[in-house]
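Thanks for coming. I will take a few minutes to walk through one protein, with some stops at particular residues.

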Amino acid sequence: MTDLPRKAITRTAKLAALPLGFAGRATWGLGKRIGGRPAEIVAREVQQRTAEQMFKVLGELKGGAMKLGQAMSVFESALPEEIARPYRAALTKLQEAAPPMPSRTVHTALEERLGPDWPELFQEFDDKPAAAASIGQVHRAVWHDGRTVAVKVQYPGAGEALLSDLNQLSRFARVLGPLVPGLDVKPLIAELRERVAEELDYELEAASQRIHVQEYAQDTEIVVPEVVHQSDQILITEWLEGVPLSQVIADGTQEERDRAGQLLARFLFSGASRTGLLHADPHPGNFRLLTGDAPDGPPEQWKLGVLDFGSVNRLPGGLPEPIGIALRMALEGDAAGVYDLMRGEGFVKPTIELDPDDLLDFLLPMLEPAQVDAFVFDRQWLRSQAARMADRHSPVYELGNQLNLPPAYLLIHRVTLSTIGVLCQLGATVRMRDELEAWVPGFAVDPESEDRAEADAEEGPAADAGEKAADGAEEAPEAAETSA
(Lines give C-alpha, C1' and ligand atoms only; values in the text may rest on other atoms or scores of the structure.)
Protein backbone atom coordinates (compact mmCIF):
# COMPACT_ATOMS: atom_id res chain seq x y z
CA MET A 1 0.00 0.00 0.00
CA THR A 2 1.42 3.41 -0.95
CA ASP A 3 -1.15 5.65 0.74
CA LEU A 4 -4.62 5.76 2.22
CA PRO A 5 -6.92 4.70 -0.66
CA ARG A 6 -8.95 7.82 -1.35
CA LYS A 7 -11.00 7.22 -4.50
CA ALA A 8 -14.54 6.29 -3.55
CA ILE A 9 -14.87 3.79 -6.39
CA THR A 10 -11.69 1.98 -5.26
CA ARG A 11 -12.80 1.81 -1.64
CA THR A 12 -16.30 0.69 -2.59
CA ALA A 13 -14.91 -2.13 -4.70
CA LYS A 14 -12.72 -3.35 -1.83
CA LEU A 15 -15.60 -3.20 0.66
CA ALA A 16 -17.89 -5.00 -1.76
CA ALA A 17 -15.29 -7.77 -1.90
CA LEU A 18 -15.99 -8.67 1.74
CA PRO A 19 -19.49 -10.17 1.32
CA LEU A 20 -18.69 -11.42 -2.18
CA GLY A 21 -15.57 -13.09 -0.89
CA PHE A 22 -17.52 -14.74 1.90
CA ALA A 23 -20.01 -16.14 -0.61
CA GLY A 24 -17.19 -17.35 -2.82
CA ARG A 25 -15.44 -19.15 0.01
CA ALA A 26 -18.72 -20.78 1.05
CA THR A 27 -19.06 -22.13 -2.50
CA TRP A 28 -15.44 -23.29 -2.39
CA GLY A 29 -16.14 -25.05 0.90
CA LEU A 30 -19.19 -26.81 -0.56
CA GLY A 31 -17.04 -28.07 -3.43
CA LYS A 32 -14.44 -29.40 -1.00
CA ARG A 33 -17.10 -31.24 1.01
CA ILE A 34 -18.51 -32.80 -2.15
CA GLY A 35 -14.96 -33.86 -2.91
CA GLY A 36 -14.86 -35.84 0.31
CA ARG A 37 -13.04 -33.62 2.82
CA PRO A 38 -14.45 -33.54 6.38
CA ALA A 39 -16.99 -30.73 6.77
CA GLU A 40 -15.50 -29.50 10.07
CA ILE A 41 -12.00 -29.05 8.60
CA VAL A 42 -13.38 -27.29 5.54
CA ALA A 43 -15.51 -24.97 7.69
CA ARG A 44 -12.46 -23.97 9.75
CA GLU A 45 -10.52 -23.19 6.59
CA VAL A 46 -13.39 -21.07 5.24
CA GLN A 47 -13.63 -19.12 8.49
CA GLN A 48 -9.86 -18.60 8.62
CA ARG A 49 -9.72 -17.28 5.07
CA THR A 50 -12.64 -14.96 5.80
CA ALA A 51 -10.93 -13.61 8.90
CA GLU A 52 -7.68 -13.01 7.03
CA GLN A 53 -9.46 -11.14 4.24
CA MET A 54 -11.40 -9.06 6.75
CA PHE A 55 -8.21 -7.88 8.43
CA LYS A 56 -6.51 -7.21 5.11
CA VAL A 57 -9.36 -5.14 3.66
CA LEU A 58 -10.45 -3.27 6.81
CA GLY A 59 -6.86 -2.64 7.91
CA GLU A 60 -5.61 -1.39 4.55
CA LEU A 61 -8.56 0.91 3.97
CA LYS A 62 -8.37 2.37 7.48
CA GLY A 63 -11.05 5.10 7.74
CA GLY A 64 -14.56 3.91 8.56
CA ALA A 65 -13.72 0.37 7.45
CA MET A 66 -11.09 -0.04 10.13
CA LYS A 67 -13.23 1.83 12.68
CA LEU A 68 -15.97 -0.76 12.15
CA GLY A 69 -13.41 -3.56 12.47
CA GLN A 70 -12.17 -2.21 15.79
CA ALA A 71 -15.73 -1.86 17.10
CA MET A 72 -16.53 -5.41 15.99
CA SER A 73 -13.39 -6.81 17.61
CA VAL A 74 -14.62 -6.27 21.18
CA PHE A 75 -17.71 -8.39 20.51
CA GLU A 76 -15.92 -11.59 19.51
CA SER A 77 -16.31 -12.83 23.10
CA ALA A 78 -20.04 -13.23 22.50
CA LEU A 79 -19.60 -15.60 19.56
CA PRO A 80 -19.56 -19.40 19.81
CA GLU A 81 -15.96 -20.58 20.16
CA GLU A 82 -15.91 -22.43 16.85
CA ILE A 83 -16.78 -19.14 15.11
CA ALA A 84 -14.77 -16.81 17.32
CA ARG A 85 -11.47 -18.70 17.20
CA PRO A 86 -10.49 -17.95 13.59
CA TYR A 87 -11.65 -14.34 13.86
CA ARG A 88 -9.97 -13.54 17.15
CA ALA A 89 -6.42 -13.08 15.95
CA ALA A 90 -7.46 -11.13 12.86
CA LEU A 91 -9.84 -8.79 14.70
CA THR A 92 -7.56 -8.11 17.65
CA LYS A 93 -4.80 -7.03 15.24
CA LEU A 94 -7.06 -4.09 14.44
CA GLN A 95 -6.90 -3.02 18.10
CA GLU A 96 -3.21 -2.19 17.97
CA ALA A 97 -1.91 -2.03 14.42
CA ALA A 98 -2.68 -1.79 10.74
CA PRO A 99 -0.63 -1.38 7.54
CA PRO A 100 1.16 1.97 8.00
CA MET A 101 1.44 5.13 5.90
CA PRO A 102 4.77 5.49 4.10
CA SER A 103 7.27 7.79 5.83
CA ARG A 104 7.25 10.24 2.92
CA THR A 105 3.50 10.78 3.41
CA VAL A 106 4.04 11.35 7.14
CA HIS A 107 6.84 13.85 6.50
CA THR A 108 4.70 15.75 4.00
CA ALA A 109 1.84 15.94 6.51
CA LEU A 110 4.17 17.20 9.26
CA GLU A 111 5.66 19.82 6.96
CA GLU A 112 2.22 21.08 5.94
CA ARG A 113 0.95 21.33 9.52
CA LEU A 114 4.04 22.15 11.59
CA GLY A 115 6.04 24.06 8.97
CA PRO A 116 9.14 23.26 6.88
CA ASP A 117 11.35 23.32 9.98
CA TRP A 118 9.31 20.62 11.75
CA PRO A 119 12.36 18.35 12.37
CA GLU A 120 13.79 21.07 14.66
CA LEU A 121 10.81 20.60 17.00
CA PHE A 122 12.05 17.10 17.80
CA GLN A 123 15.29 15.75 19.20
CA GLU A 124 14.31 12.38 17.68
CA PHE A 125 11.50 11.15 15.45
CA ASP A 126 10.86 7.47 14.66
CA ASP A 127 9.57 7.08 11.10
CA LYS A 128 8.25 3.62 11.92
CA PRO A 129 4.77 4.04 13.45
CA ALA A 130 4.24 2.71 16.94
CA ALA A 131 0.53 2.21 16.19
CA ALA A 132 -1.73 2.70 13.18
CA ALA A 133 -5.40 3.31 13.82
CA SER A 134 -8.53 4.14 11.84
CA ILE A 135 -7.98 7.83 11.05
CA GLY A 136 -4.38 8.39 12.05
CA GLN A 137 -1.14 6.72 13.06
CA VAL A 138 1.15 7.34 16.03
CA HIS A 139 4.91 7.85 15.97
CA ARG A 140 7.23 7.83 18.94
CA ALA A 141 9.47 10.88 19.19
CA VAL A 142 11.44 13.06 21.61
CA TRP A 143 10.14 16.64 21.85
CA HIS A 144 12.60 19.53 21.84
CA ASP A 145 12.37 19.80 25.65
CA GLY A 146 13.43 16.17 26.10
CA ARG A 147 10.03 14.64 26.77
CA THR A 148 9.19 11.38 25.01
CA VAL A 149 6.00 12.00 23.05
CA ALA A 150 3.40 10.29 20.89
CA VAL A 151 2.79 12.13 17.60
CA LYS A 152 -0.59 11.34 16.07
CA VAL A 153 -0.81 12.23 12.39
CA GLN A 154 -4.19 12.15 10.68
CA TYR A 155 -4.28 10.33 7.35
CA PRO A 156 -4.68 12.60 4.32
CA GLY A 157 -8.26 12.31 3.14
CA ALA A 158 -9.35 10.53 6.33
CA GLY A 159 -12.59 12.49 6.65
CA GLU A 160 -13.73 11.77 3.13
CA ALA A 161 -12.75 8.11 3.44
CA LEU A 162 -14.48 7.74 6.80
CA LEU A 163 -17.83 9.01 5.54
CA SER A 164 -17.57 7.11 2.26
CA ASP A 165 -16.78 3.83 4.03
CA LEU A 166 -19.61 4.08 6.54
CA ASN A 167 -22.12 4.99 3.84
CA GLN A 168 -21.04 2.01 1.76
CA LEU A 169 -20.87 -0.36 4.73
CA SER A 170 -24.42 0.55 5.73
CA ARG A 171 -25.55 -0.70 2.30
CA PHE A 172 -23.73 -4.00 2.91
CA ALA A 173 -24.76 -4.32 6.59
CA ARG A 174 -27.21 -7.16 6.03
CA VAL A 175 -24.76 -9.10 3.90
CA LEU A 176 -21.91 -8.45 6.35
CA GLY A 177 -23.85 -10.27 9.08
CA PRO A 178 -22.17 -13.66 8.44
CA LEU A 179 -18.72 -12.13 9.00
CA VAL A 180 -19.45 -11.76 12.71
CA PRO A 181 -22.58 -13.79 13.47
CA GLY A 182 -24.73 -12.44 16.29
CA LEU A 183 -23.73 -8.80 15.90
CA ASP A 184 -26.28 -6.31 14.57
CA VAL A 185 -23.99 -4.29 12.30
CA LYS A 186 -26.40 -1.66 10.95
CA PRO A 187 -27.07 0.37 14.14
CA LEU A 188 -23.38 0.14 14.99
CA ILE A 189 -22.48 1.72 11.63
CA ALA A 190 -25.17 4.40 12.08
CA GLU A 191 -23.78 5.37 15.48
CA LEU A 192 -20.19 5.48 14.16
CA ARG A 193 -21.31 7.73 11.31
CA GLU A 194 -22.81 10.22 13.77
CA ARG A 195 -19.45 10.63 15.52
CA VAL A 196 -17.31 11.24 12.42
CA ALA A 197 -16.93 15.01 12.80
CA GLU A 198 -15.75 14.79 16.41
CA GLU A 199 -13.23 12.04 15.69
CA LEU A 200 -11.62 14.12 12.95
CA ASP A 201 -11.33 17.26 15.11
CA TYR A 202 -8.01 17.01 16.95
CA GLU A 203 -8.62 20.38 18.65
CA LEU A 204 -11.76 18.97 20.23
CA GLU A 205 -9.89 15.79 21.18
CA ALA A 206 -7.10 17.80 22.81
CA ALA A 207 -9.68 19.75 24.84
CA SER A 208 -11.33 16.53 26.05
CA GLN A 209 -7.97 15.04 26.96
CA ARG A 210 -6.92 18.14 28.91
CA ILE A 211 -10.12 17.92 30.98
CA HIS A 212 -9.23 14.32 31.88
CA VAL A 213 -5.62 15.24 32.60
CA GLN A 214 -6.72 17.92 35.06
CA GLU A 215 -9.22 15.65 36.83
CA TYR A 216 -6.95 12.60 37.07
CA ALA A 217 -3.68 14.43 37.73
CA GLN A 218 -3.56 13.32 41.38
CA ASP A 219 -5.27 9.97 40.83
CA THR A 220 -3.29 6.98 42.05
CA GLU A 221 -4.95 4.48 39.69
CA ILE A 222 -5.78 6.19 36.37
CA VAL A 223 -3.18 7.96 34.20
CA VAL A 224 -3.95 10.27 31.27
CA PRO A 225 -0.96 11.63 29.29
CA GLU A 226 -0.67 15.41 28.97
CA VAL A 227 -1.23 17.22 25.68
CA VAL A 228 2.08 18.70 24.49
CA HIS A 229 1.02 20.35 21.22
CA GLN A 230 -2.00 20.40 18.96
CA SER A 231 -2.47 21.80 15.49
CA ASP A 232 -4.65 20.99 12.49
CA GLN A 233 -4.66 17.18 12.12
CA ILE A 234 -1.63 16.78 14.42
CA LEU A 235 -1.86 15.86 18.11
CA ILE A 236 1.23 15.43 20.27
CA THR A 237 0.92 14.00 23.78
CA GLU A 238 3.29 12.61 26.37
CA TRP A 239 4.31 9.03 25.67
CA LEU A 240 2.70 6.42 27.93
CA GLU A 241 4.83 3.36 28.54
CA GLY A 242 2.92 0.25 29.56
CA VAL A 243 1.61 -3.15 28.59
CA PRO A 244 -1.08 -2.83 25.87
CA LEU A 245 -4.38 -4.23 27.07
CA SER A 246 -4.48 -6.46 23.98
CA GLN A 247 -1.28 -8.08 25.25
CA VAL A 248 -2.80 -8.62 28.69
CA ILE A 249 -5.77 -10.26 26.94
CA ALA A 250 -3.44 -12.50 24.93
CA ASP A 251 -1.05 -13.71 27.63
CA GLY A 252 -1.45 -11.71 30.85
CA THR A 253 -1.43 -13.31 34.29
CA GLN A 254 -4.70 -13.59 36.16
CA GLU A 255 -3.55 -10.85 38.53
CA GLU A 256 -2.94 -8.53 35.55
CA ARG A 257 -6.31 -9.41 34.06
CA ASP A 258 -8.18 -8.78 37.30
CA ARG A 259 -6.43 -5.48 38.01
CA ALA A 260 -6.86 -4.21 34.45
CA GLY A 261 -10.53 -5.22 34.47
CA GLN A 262 -11.24 -3.50 37.78
CA LEU A 263 -9.56 -0.29 36.67
CA LEU A 264 -11.29 -0.35 33.29
CA ALA A 265 -14.68 -0.60 35.01
CA ARG A 266 -13.65 2.14 37.43
CA PHE A 267 -12.65 4.48 34.62
CA LEU A 268 -15.83 3.78 32.64
CA PHE A 269 -18.10 4.73 35.53
CA SER A 270 -15.98 7.40 37.22
CA GLY A 271 -15.10 9.32 34.06
CA ALA A 272 -18.59 10.61 33.35
CA SER A 273 -19.12 11.57 36.98
CA ARG A 274 -15.76 13.33 37.39
CA THR A 275 -15.34 15.03 34.01
CA GLY A 276 -18.80 15.16 32.44
CA LEU A 277 -17.35 13.14 29.54
CA LEU A 278 -17.73 9.44 28.77
CA HIS A 279 -14.78 7.90 26.91
CA ALA A 280 -16.65 6.34 24.00
CA ASP A 281 -13.98 4.20 22.30
CA PRO A 282 -13.18 1.43 24.79
CA HIS A 283 -11.34 -1.02 22.53
CA PRO A 284 -8.14 -2.51 24.05
CA GLY A 285 -5.79 -0.49 21.81
CA ASN A 286 -6.68 2.61 23.84
CA PHE A 287 -5.54 1.27 27.21
CA ARG A 288 -2.25 0.33 28.89
CA LEU A 289 -1.54 -1.49 32.14
CA LEU A 290 1.21 0.44 33.91
CA THR A 291 3.11 -1.86 36.24
CA GLY A 292 5.86 0.71 36.88
CA ASP A 293 8.44 -0.33 39.44
CA ALA A 294 6.36 -3.31 40.55
CA PRO A 295 5.91 -5.54 37.46
CA ASP A 296 5.63 -8.59 39.71
CA GLY A 297 3.16 -6.93 42.06
CA PRO A 298 1.54 -5.97 44.26
CA PRO A 299 -1.28 -5.42 41.74
CA GLU A 300 -2.72 -2.62 43.91
CA GLN A 301 0.17 -0.45 42.68
CA TRP A 302 -0.58 -1.01 39.00
CA LYS A 303 -2.36 1.75 37.11
CA LEU A 304 -4.44 2.04 33.96
CA GLY A 305 -3.25 4.36 31.21
CA VAL A 306 -5.97 5.80 28.97
CA LEU A 307 -5.42 7.02 25.40
CA ASP A 308 -7.44 8.54 22.55
CA PHE A 309 -10.17 10.98 23.54
CA GLY A 310 -11.39 11.59 20.00
CA SER A 311 -14.77 10.03 20.73
CA VAL A 312 -16.55 11.13 23.91
CA ASN A 313 -20.14 11.45 25.04
CA ARG A 314 -20.87 14.73 26.77
CA LEU A 315 -22.73 14.08 30.02
CA PRO A 316 -22.50 17.26 32.15
CA GLY A 317 -24.39 15.65 35.03
CA GLY A 318 -22.59 12.30 34.78
CA LEU A 319 -24.43 9.14 33.82
CA PRO A 320 -28.22 9.70 33.85
CA GLU A 321 -29.68 9.00 37.29
CA PRO A 322 -32.52 6.82 35.87
CA ILE A 323 -29.87 4.22 34.94
CA GLY A 324 -28.81 3.81 38.55
CA ILE A 325 -32.37 3.87 39.88
CA ALA A 326 -33.53 1.25 37.36
CA LEU A 327 -30.57 -1.01 38.18
CA ARG A 328 -31.25 -0.75 41.91
CA MET A 329 -34.98 -1.39 41.55
CA ALA A 330 -34.33 -4.38 39.29
CA LEU A 331 -31.97 -5.92 41.84
CA GLU A 332 -34.59 -5.29 44.53
CA GLY A 333 -37.18 -7.10 42.40
CA ASP A 334 -39.37 -4.03 41.90
CA ALA A 335 -40.80 -5.03 38.51
CA ALA A 336 -43.49 -2.34 38.47
CA GLY A 337 -41.00 0.39 39.36
CA VAL A 338 -38.56 -0.67 36.65
CA TYR A 339 -41.36 -0.84 34.10
CA ASP A 340 -42.71 2.63 34.97
CA LEU A 341 -39.24 4.18 34.87
CA MET A 342 -38.30 2.57 31.54
CA ARG A 343 -41.57 3.67 30.03
CA GLY A 344 -41.00 7.20 31.29
CA GLU A 345 -37.50 7.28 29.78
CA GLY A 346 -38.72 6.00 26.41
CA PHE A 347 -37.38 2.44 26.52
CA VAL A 348 -40.98 1.25 26.30
CA LYS A 349 -42.96 3.22 23.73
CA PRO A 350 -46.51 4.41 24.59
CA THR A 351 -48.01 2.03 22.02
CA ILE A 352 -46.32 -1.03 23.59
CA GLU A 353 -47.69 -2.95 26.56
CA LEU A 354 -45.39 -5.36 28.39
CA ASP A 355 -45.74 -7.49 31.48
CA PRO A 356 -43.50 -5.90 34.17
CA ASP A 357 -42.47 -9.31 35.50
CA ASP A 358 -41.47 -10.46 32.00
CA LEU A 359 -39.39 -7.31 31.61
CA LEU A 360 -37.64 -7.97 34.90
CA ASP A 361 -36.95 -11.59 33.87
CA PHE A 362 -35.48 -10.22 30.65
CA LEU A 363 -33.13 -7.84 32.49
CA LEU A 364 -31.94 -9.76 35.54
CA PRO A 365 -29.60 -12.27 33.82
CA MET A 366 -27.71 -9.34 32.28
CA LEU A 367 -27.37 -7.75 35.71
CA GLU A 368 -25.59 -10.72 37.29
CA PRO A 369 -22.31 -8.73 37.63
CA ALA A 370 -24.09 -6.30 39.98
CA GLN A 371 -25.76 -9.00 42.07
CA VAL A 372 -22.59 -10.33 43.70
CA ASP A 373 -19.59 -8.82 45.47
CA ALA A 374 -17.20 -9.98 42.71
CA PHE A 375 -18.15 -11.30 39.28
CA VAL A 376 -16.07 -13.40 36.89
CA PHE A 377 -16.46 -12.00 33.39
CA ASP A 378 -15.79 -14.72 30.87
CA ARG A 379 -16.63 -15.56 27.29
CA GLN A 380 -19.01 -18.35 28.30
CA TRP A 381 -21.22 -15.98 30.29
CA LEU A 382 -21.35 -13.46 27.45
CA ARG A 383 -22.10 -16.19 24.90
CA SER A 384 -24.98 -17.42 27.04
CA GLN A 385 -26.42 -13.89 27.10
CA ALA A 386 -25.98 -13.47 23.35
CA ALA A 387 -27.59 -16.85 22.68
CA ARG A 388 -30.52 -15.97 24.94
CA MET A 389 -31.13 -12.75 23.01
CA ALA A 390 -30.63 -14.30 19.57
CA ASP A 391 -33.02 -17.27 19.96
CA ARG A 392 -35.87 -16.30 17.63
CA HIS A 393 -38.14 -18.91 19.21
CA SER A 394 -37.69 -17.48 22.70
CA PRO A 395 -40.07 -15.00 24.39
CA VAL A 396 -36.90 -13.12 25.40
CA TYR A 397 -36.19 -12.41 21.72
CA GLU A 398 -39.73 -11.15 21.16
CA LEU A 399 -39.64 -8.92 24.23
CA GLY A 400 -36.24 -7.52 23.28
CA ASN A 401 -37.54 -6.52 19.88
CA GLN A 402 -40.34 -4.52 21.50
CA LEU A 403 -37.96 -2.38 23.54
CA ASN A 404 -36.71 0.96 22.24
CA LEU A 405 -33.28 2.55 22.73
CA PRO A 406 -33.70 6.33 23.15
CA PRO A 407 -31.07 8.42 21.33
CA ALA A 408 -29.74 9.86 24.60
CA TYR A 409 -28.82 6.36 25.77
CA LEU A 410 -27.45 5.00 22.47
CA LEU A 411 -23.77 5.74 23.03
CA ILE A 412 -23.91 4.86 26.74
CA HIS A 413 -25.38 1.48 25.75
CA ARG A 414 -22.70 0.82 23.13
CA VAL A 415 -19.84 1.84 25.45
CA THR A 416 -21.19 -0.36 28.25
CA LEU A 417 -21.54 -3.38 25.96
CA SER A 418 -18.08 -2.81 24.50
CA THR A 419 -16.54 -2.57 27.96
CA ILE A 420 -18.26 -5.77 29.03
CA GLY A 421 -16.88 -7.39 25.87
CA VAL A 422 -13.34 -6.35 26.84
CA LEU A 423 -13.83 -7.55 30.44
CA CYS A 424 -14.88 -10.94 29.06
CA GLN A 425 -11.85 -11.03 26.78
CA LEU A 426 -9.74 -10.39 29.86
CA GLY A 427 -11.55 -13.06 31.86
CA ALA A 428 -11.34 -10.63 34.79
CA THR A 429 -12.90 -10.88 38.22
CA VAL A 430 -14.38 -7.45 38.93
CA ARG A 431 -16.14 -5.91 41.91
CA MET A 432 -18.71 -4.24 39.70
CA ARG A 433 -21.17 -3.43 42.46
CA ASP A 434 -18.52 -1.28 44.19
CA GLU A 435 -18.08 0.83 41.05
CA LEU A 436 -21.82 1.22 40.53
CA GLU A 437 -22.34 2.34 44.12
CA ALA A 438 -19.47 4.81 43.95
CA TRP A 439 -20.14 6.43 40.60
CA VAL A 440 -23.62 5.80 39.19
CA PRO A 441 -26.21 8.29 40.50
CA GLY A 442 -29.29 6.61 41.92
CA PHE A 443 -27.78 3.13 42.34
CA ALA A 444 -26.84 3.53 46.00
CA VAL A 445 -29.69 4.56 48.27
CA ASP A 446 -29.19 8.03 49.74
CA PRO A 447 -28.51 7.37 53.49
CA GLU A 448 -30.45 10.48 54.57
CA SER A 449 -33.55 9.57 52.57
CA GLU A 450 -33.25 5.98 53.81
CA ASP A 451 -33.08 7.18 57.43
CA ARG A 452 -36.14 9.37 56.87
CA ALA A 453 -38.03 6.46 55.35
CA GLU A 454 -37.10 4.18 58.28
CA ALA A 455 -38.16 6.84 60.79
CA ASP A 456 -41.48 7.31 59.04
CA ALA A 457 -42.02 3.55 59.01
CA GLU A 458 -41.24 3.23 62.72
CA GLU A 459 -43.55 6.11 63.70
CA GLY A 460 -46.36 4.99 61.43
CA PRO A 461 -50.03 6.05 61.74
CA ALA A 462 -50.01 5.93 65.52
CA ALA A 463 -47.42 8.69 65.71
CA ASP A 464 -49.47 10.82 63.33
CA ALA A 465 -52.54 10.29 65.48
CA GLY A 466 -50.56 11.26 68.59
CA GLU A 467 -49.36 14.46 66.95
CA LYS A 468 -52.91 15.37 65.99
CA ALA A 469 -54.13 14.68 69.52
CA ALA A 470 -51.39 16.90 70.92
CA ASP A 471 -52.33 19.66 68.49
CA GLY A 472 -55.93 19.35 69.63
CA ALA A 473 -54.89 19.61 73.31
CA GLU A 474 -52.95 22.79 72.63
CA GLU A 475 -55.86 24.32 70.81
CA ALA A 476 -58.42 23.42 73.56
CA PRO A 477 -57.48 26.15 76.10
CA GLU A 478 -57.69 28.77 73.38
CA ALA A 479 -61.18 27.53 72.51
CA ALA A 480 -62.20 27.67 76.19
CA GLU A 481 -60.95 31.24 76.54
CA THR A 482 -62.84 32.27 73.46
CA SER A 483 -66.06 30.75 74.68
CA ALA A 484 -65.64 32.33 78.09
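I start with a charge over a ring: arginine 388 sits over the face of phenylalanine 362, and the distance to the ring centre is 5.9 Å. A second case is arginine 274, which lies over the face of tyrosine 216 at 4.1 Å from the ring centre. Please keep in mind throughout that this is a predicted model.

Now the overall picture. The protein has 484 residues, and 49% of them count as buried. Its secondary structure comes to 19 helices and 14 strands. The accessible surface is about 22800 Å², with 53% of that belonging to carbon and sulfur atoms. If we take contacts between residues at least 6 apart in sequence, 71% of them join residues at least 24 apart.

Next, the aromatic rings. A pair of rings is described by two things, the distance of the centres and the angle of the planes. How many aromatic pairs does the count come to? The count comes to ten. One of these involves tyrosine 216 again, with phenylalanine 267: the centres are 5.8 Å apart and the planes are at 50 degrees, so this pair is tilted. For that label, the angle has to fall between the stacked limit of 30 degrees and the edge-to-face limit of 60. Tyrosine 216 belongs to helix α9, residues 202-216, while phenylalanine 267 belongs to helix α11, residues 254-275, so the pair ties together parts that are 51 residues apart in sequence. Both tyrosine 216 and phenylalanine 267 are buried.

Another pair is phenylalanine 375 with tryptophan 381, and here the geometry is edge-to-face, with 5.1 Å from centre to centre and 75 degrees between the planes. Phenylalanine 375 and tryptophan 381 are both buried. There is also an aromatic cluster, formed by Trp118, Phe122, Phe125 and Trp143.

Trp143 from that cluster leads to histidine 229, since Trp143 is among the residues that histidine 229 contacts. Leaving aside neighbours within four places in sequence, the full list for histidine 229 is Leu114, Trp143, Ile234, Leu235 and Ile236. Histidine 229 and tryptophan 143 are 86 residues apart along the chain, and their C-alpha atoms are separated by 9.9 Å. Histidine 229 is found in strand β6, residues 227-231. Is histidine 229 buried or partly exposed? Its relative accessibility is 27%, so histidine 229 counts as partly exposed.

My last stop is glutamate 435, in helix α18, residues 432-439. With 2% relative accessibility, glutamate 435 counts as buried. Which residue does its side chain meet in a polar contact? The partner is arginine 266, and the polar contact between the two side chains is 2.7 Å. Arginine 266 is also in the contact list of glutamate 435, which, apart from neighbours within four places in sequence, has Gln262, Ala265, Arg266, Phe269 and Val440.

Glutamate 435 has buried company in α18, namely Met432 and Leu436. Why do these residues lie on the same side of α18? They cover an arc of only 100 degrees around the axis, which puts them on the same side of the helix. In general, an α-helix has 3.6 residues a turn, so residues three or four places apart point the same way. As for what covers the buried residues of α18, it includes α11, α12 (321-331), α17 (407-426) and β14 (429-430).

That is the end of the tour.

Terms used: Residues are numbered from 1 along each chain as its sequence is written. This is a predicted model: local features need pLDDT of at least 70, side-chain atom pairs count only at pLDDT 80 or more; totals for chains, interfaces and linings use all residues. Side-chain values use heavy atoms; hydrogens and water are left out. Rings of Phe, Tyr and Trp (its six-membered ring) pair if their centres lie within 6.5 Å; planes under 30 degrees apart count as stacked, over 60 as edge-to-face and the rest as tilted. Helices (H or I, at least four residues) and strands (E, at least two) are DSSP runs, numbered from the N terminus. Buried means under 20% relative accessible area, exposed over 50%, partly exposed in between (1.4 Å probe, protein chains only). A charge sits over a ring if NZ of Lys or CZ of Arg is within 6 Å of the ring centre and within 35 degrees of the ring normal. Contact means heavy atoms within 4.5 Å. Accessible areas come from the Shrake-Rupley method with a 1.4 Å probe; for residues, only the protein chains shown count as cover. A polar contact is a pair of N or O atoms within 3.5 Å; within protein, one must be able to donate a hydrogen and the other to accept it, and residues adjacent in sequence count only if both atoms are side-chain atoms. The arc is that of the directions from the helix axis to the C-beta atoms.
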